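Here is a short walk through one protein chain, with a look at confidence, one helix and some aromatic rings. Have the structure open as you read.

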Amino acid sequence: MELAMGSRSPLTFRPPNPREAPPSLRLAKDIFGGSPCLCLAIKGRKNPSIQLRSSGRTATRCSVSSTTETTSVGKKKLRTRRDVRNIAIVAHVDHGKTTLVDAMLKQAKVFRDNQVVKERIMDSNDLERERGITILSKNTSISYKGTKINIIDTPGHSDFGGEVERVLNMVEGVLLVVDSVEGPMPQTRFVLKKALEYGHAVVVVVNKIDRPSARPDFVINSTFELFIELNATDEQVTNIEYDEHKGRIAIGRLHAGVLQRGLEVKVCTSDETCRLAKISELFVYENFTKIPAEDVEAGDICAVCGISDIMIGETIADKSSGKALPTIKVEEPTVRMSFSINTSPFAGREGKYVTSRNLRDRLSRELERNLAMRVEDGETSDTFIVSGRGTLHITILIENMRREGYEFMVGPPKVINKRVDDKLLEPFEIATVEVPEEYMGPVVELLGKRRGQMFDMQGAGSEGTSLLKYKIPTRGLLGLRNAVLTASRGTAVLNTIFDSYGPWAGDISTRDQGSLVAFESGTTTSYALFSAQERGQMFVGPGVEVYKGQIVGIHQRPGDLSLNVCKKKAATNVRSNKEQTVVLDTPLSYSLDDCIEYIEEDELVEVTPLSVRMCKNPKFAKRK
């Protein structure tokens, strides 16, 4: 048993033939059957119908992989299977990948006609449903006219690009979903570049064409130009999950041969070191479940049990003649944050796992399945440096740990710089901002202060919005999202993706205001908060327990201000003729993401299963 890849034909483009078969049939036939595929436009988000679109120029048309029927390996011949197709659905965030999977499952009659099915079926994680984004890649399968179609739904946010990179070697082709208004966005370029590097066939799907400002012709042409810019080939196993009873489960595509339950195999790494193992159980995917199997033939995606120390990127090969395949390469992290044990006066009140050993074990387990993350020891034995592809990438880990019962502290995000030839280089990203024209001025001014350089500006349809593209240091993006939303009254949409390393851009001020800090522990009172709210915006209301050094609000001026939010009104024997009514402003409600964006070098976020607080870092001297 060995992993192998077939030869692939280059991309070709020609206009669609209006007399060809209906697009709903061609979708299944062309993607999964072996003939070229038309660019598709999908209407709406619920119960999408499919129709062809043509443009003034030629529409994008992509040929699927054409593997030879037999391949000689010594005296043996490998037969190419035609009853299995493996595809991944990739796109920018919120362009409709998971909704498209819903429609494919319904058209394949996976559900009963009277069955109640919730939207975005593949987003099974609680965080995914709360945030409305896909975080983890997931597998499912459908059957269509005797062909098994394995489908992998992938994340659309650039911070989770590692999830996309590690599954692309399991498929022969991808569906690239593009919004009919926004067109190709930063993550569109990223996933398309990776798909072409693997030599995969790409089918472009233009989604949401029923939007009032839809411009499918422009989107198709823009995507075509993106195809021209990105052209590369590469080849490559590939994903893992964990079950409490079965242990670690390896998920991958069998490229050649037959894998059987109970078979002794060789597990190889990229440096030619191998170890023996035995397959205890085999599973294949059918709809949303894993079905036990006695054997799996080449071409199918399967789950393998019995190899407790299997790692992403290792090869399961034939015991006698198998060889290791190239390792999976992912982009390097660009942002890091410090994780440490909770040292606040409230430590241990709410968390189940509070020690440095608990923290170390949990971060080590994360590395086993999160290929794009790095963990290093910090300056002290109870501090760890976690590096990821972006702030959101690390924030999702923090949120998952919080829900699992962990209690700890995290520092502000910092970019990972490089020094080449004695020159300091820092990461730059491409920021795309979609903003109504009336708020474009404040947004442009804000990005300029963050050392952003505008290189493109265009109208985005008939909705009165403009699309701004900037090259900006990653440092300038820290805390930018909330600032952009404030400047645009919540109407702007900001998307970013890593571009390259460049010369240090200079100092950047990310926050103009200081913090309001409690200078004693106790319970907040309405009397004290009434005076404190004149100094800025508060994070806490009355009756909340706070401790010395906790950040309780935003100062209206630069620099921090310590104040007493627990002061009580002095009791006297003189009655007032009229009781004074205290009117308090509604306190700001900051999420975990907001807190991490807010804090600066001398501040920390305290994370517990029930609370998220901010405090000053006692290791730093007070800001003057």
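## How far to trust it

pLDDT is the predictor's confidence in each residue, on a scale from 0 to 100. What you have here is a predicted model, and the protein chain averages a pLDDT of 75, with 74% of its residues at 70 or more.

Two stretches call for some care. Residues 1-75 stay under 50 in pLDDT, yet the model still gives them 189 contacts beyond four places in sequence. Residues 232-236 are also below 50, and that stretch has 18 contacts beyond its near neighbours in sequence. Where pLDDT is low, the predicted coordinates should not be read in detail.

## Helix α5

Take a look at α5, which runs over residues 186-197. Its twelve residues span 17 Å from the first C-alpha to the last, close to the 16 Å expected at 1.5 Å a residue. Just after α5 comes G199, with a positive phi near 75°.

Is α5 mostly covered or mostly open? Mostly covered: ten of its twelve residues are buried. Among them are P186, F190, V191 and L192, and the buried set also includes K194 and E197, along with Q187 and T188.

## Aromatic pairs

How many aromatic pairs does the structure hold? The count is seven. In one of them, F346 meets Y547 edge-to-face, with 5.0 Å centre to centre and 85° between the planes. This pair links distant parts of the chain, 201 residues apart: F346 lies in the loop between β22 and α7, while Y547 is in the loop between β35 and β36. Both F346 and Y547 are buried.

Why does the pair of F498 and Y501 count as edge-to-face? Their planes sit at 65°, and over 60 is the cut-off for that label, so the pair qualifies; the ring centres are 5.8 Å apart. As for exposure, F498 has 31% relative accessibility and so counts as partly exposed. Y501 is partly exposed too, with a relative accessible area of 22%. Elsewhere, F539, Y590 and Y598 form one aromatic cluster.

## Charges over rings

Y501 comes up again here: the charged end of K418 sits over its ring, 4.5 Å from the centre. Which ring does the charged end of K471 sit over? That ring belongs to F428, and the charged end of K471 is 5.7 Å from its centre.

Key: Residues numbered from 1 in each chain as written. Predicted model: local features only at pLDDT ≥ 70, side-chain atom pairs only at ≥ 80, totals over all residues. Heavy atoms only, no water. Contact = heavy atoms within 4.5 Å. Helix = DSSP H or I, 4+ residues; strand = E, 2+ residues; numbered from the N terminus. Expected span 1.5 Å × (residues − 1). Buried < 20%, exposed > 50% of the residue type's maximum accessible area, 1.4 Å probe, protein only. Phe/Tyr/Trp six-rings, centres within 6.5 Å; stacked < 30°, edge-to-face > 60°. Lys NZ or Arg CZ within 6 Å of the ring centre and 35° of its normal.
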